[in-house]
Amino acid sequence: STQSTGRFLVLFTAALAVVAAKWKPDPPPELPTDQAIHESHPDVIQAKKMAKLAPTQNVIMTCRYMLFKIDTMNYTQARDHCGSLEWPITKRLDGQKSAIGLATVQNQDENDDITRLLRSAYGVKFNNNKPYQFGNWVVIGLTKRIDNDRKLKGKEKGVFNMEHWFYEDRGMARYGNFRKQMPDQQQQGNKKKGYEYQNVVQINKKGYWDDTFASKR
């Protein structure tokens, strides 16, 4: 598993198109929204110290994750890019090489860790007028692998069946923090060219999850 090998994980920011449904602001997050309070948190202070050790200052990291402030990528590009990276600090105890991978999030503490990284990179404020602007979200390595190719009926939306969602390391989801009525598995495309469904997870600055299209950048 990623934790047993001590491997660092990566999150890639993504600029996403606003979906058709009108945006409804999420409840206030549990984490503070004041910039000064955010920056005084021990994890944030540690992340700043660790960032100075990185080869580029476009990286913010904690003991669990790295966030790369790079050009936008779709999910497949981000996954392949992460899989191609090897850093000395990701060496496994058995001496084998360990590639950097997209993030796994299996509890509230890890979710908060990612939220703090995102806020450290792009500020604590979340603009509800432009909810999907660059810097508001990060994509993690969780995708829906079962029952992922159809439009959901009304009562099915907002139901998070963990047995249908898996990480890139093949681990099944054990935690989720989706926005109200999410995931909703929206559809795009047409009958001639084919349809695509939302089956990739993104996390916003407030710590809430949403499903999105793998093709979005």
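Two strands count as paired if DSSP finds at least two bridges between them, and the exercises below apply this criterion to a predicted model.

**Exercise 1.** Determine which strands pair with E9, in which sense they do so, and what the turn of its hairpin contains.

*Solution.* Begin with E5, which pairs with E9 in the antiparallel sense over four bridges; within this pairing, valine 138 stands opposite isoleucine 203 of E9. Next take strand E10, residues 209-212, which also pairs with E9 in the antiparallel sense, over four bridges, and here tryptophan 209 in E10 is the bridge partner of isoleucine 203. Both pairings meet the cut-off, because at least two bridges are required. Isoleucine 203 thus has valine 138 opposite it and tryptophan 209 as its bridge partner in E10. Finally, E9 and E10 form a hairpin with four residues between them, and in the turn glycine 207 has a positive phi of about 90 degrees.

**Exercise 2.** Establish how the residues of E9 are directed, and whether they are buried or exposed.

*Solution.* Sort the residues by direction: Val200, Gln202 and Asn204 point one way from the strand, whereas Val201 and Ile203 point the other way. Then consider accessibility, for which buried means under 20% relative accessible area; the residues on either side are all buried, and E9 is accordingly described as mostly covered, with five of its five residues buried. For the chain as a whole, buried residues make up 47% of the 217 residues.

**Exercise 3.** Identify the elements that supply the largest nonpolar core, and place Leu142 within its surroundings.

*Solution.* The largest nonpolar core has 22 residues, and those with the most contacts inside it are Val105, Ile114, Ile140, Leu142 and Trp209. At least two residues of this core come from each of strand E3 (65-68), helix H5 (108-122), strand E5 (137-144), strand E6 (165-167) and strand E9 (200-204), and the largest share, four residues, is that of H5. Turning to leucine 142, and leaving aside residues up to four places away in sequence, its contacts include Trp165, Phe166 and Tyr167, as well as Val200, Val201 and Trp209. Another core, of eight residues, lies apart from the largest one and has Met73, Val139, Val200 and Ala214 among its members.

**Exercise 4.** Describe the chain through its secondary structure, its contacts and its accessible surface.

*Solution.* Count the elements, which are five helices and 10 strands. Then take contacts between residues at least 6 apart in sequence, of which 69% join residues at least 24 apart. Lastly, the chain exposes about 11600 Å², with carbon and sulfur atoms supplying 51% of that area.

Key
Residues numbered from 1 in each chain as written. Predicted model: local features only at pLDDT ≥ 70, side-chain atom pairs only at ≥ 80, totals over all residues. Heavy atoms only, no water. Buried < 20%, exposed > 50% of the residue type's maximum accessible area, 1.4 Å probe, protein only. Contact = heavy atoms within 4.5 Å. Areas by Shrake-Rupley, 256 points an atom, 1.4 Å probe, with all protein chains shown as cover. Core = buried A, V, L, I, M, F, W, Y, C linked by side-chain atoms within 4.5 Å.
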